[in-house]
Amino acid sequence: MSKFRLGVLISGRGSNLQSLIDACADSDFPAEIACVISNKPHAPGLDRAKSAKIETVSIPHKSYDSREAFETDLTDALESRQVDLVCNAGFMRLLTAGFVDHWFNRQINIHPSLLPAFKGLHVHEQVLEAGARISGCTIHYVRAEMDDGPIIAQAAVPVLPDDTADSLAARVLTAEHTLYPKVVKGIAEGTITINGDDVTFRDAAEGFSAPMISPLR
Ligand code: GRF
């Protein structure tokens, strides 16, 4: 049976990409990575993809006069590889409404907070500054507003008294690496669906039936 095809968008380190690469290495996983695309030609994540023999594409946004021109090439690259789902994984470009509409309910993003709290950059600093006791990560469908869109799943982690932004980021990242493949699996096998803005879960064999996983298993 043909697998669900992912296009992973990155800008940097690519540890979430790695979690998807590792999940896809299991022959029973229902998705495969069709290509990894970076807007930064030297993103370390591209080397992770190359090591796994996955096709990489660099589309340097700085070479374009407009966001629209950049996104036209992005969509062409994704469509020519017959991508079913665009997975933003540390992709640091704002996307226009045109691109978001084109990939409506076919593009997801991971954000290192419990949305709708703490959008934007310097998330862990924001969390510590606010004195929050719980943080986590969120995977959501992409909408035109940054870090906005129907929430698919979240995982919570504690904020500990002596946390720094780095120690909290590391704890959240561990949760991200567990959650992203679970969500991709659910979408690929059809146990997670979206209609308009309504995300629905159908019981899956491994019990991933609720939109919130906490504590992580
Ligand atoms: C992650 O924390 C992700 O939630 C955020 O950017 C970071 C990317 O890390 N959107 P990596 O490149 O996947 O290691």
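**Domain interface and β8–β9 hairpin**

**View 1. Area buried between the two domains.** In this predicted model, about 1,100 Å² is buried between domain 1 and domain 2, with carbon and sulfur atoms giving 76% of that area; buried area is the accessible area (1.4 Å probe) that two parts lose on being put together, summed over both. N16, F29 and P30 supply 35% of the area that domain 1 buries against domain 2, more than any other three residues. The domain assignment, automatic or from a database, gives domain 1 as 1-103 and domain 2 as 111-138 + 150-217.

**View 2. Polar contacts and salt bridges at the interface.** Three residue pairs, both residues at pLDDT 80 or more, are in polar contact across the interface of domain 1 and domain 2 (a pair of N or O atoms within 3.5 Å, where one must be able to donate a hydrogen and the other to accept it, and residues adjacent in sequence count only if both atoms are side-chain atoms). The rule finds zero salt bridges there (side-chain nitrogen of Lys or Arg within 4 Å of a carboxyl oxygen of Asp or Glu).

**View 3. The β8–β9 hairpin.** Strands β8 (residues 192-195) and β9 (residues 198-201) run antiparallel and are joined by four bridges; pairing requires at least two DSSP bridges, and strands are DSSP runs (E, at least two residues) numbered from the N terminus. N195 stands opposite D198. Two residues lie between the strands, and G196 in the turn has a positive phi of about 65°.

Residues are numbered from 1 along each chain as its sequence is written, and side-chain values use heavy atoms, without hydrogens and water. Local features need pLDDT of at least 70, side-chain atom pairs count only at pLDDT 80 or more, and totals for chains, interfaces and linings use all residues.
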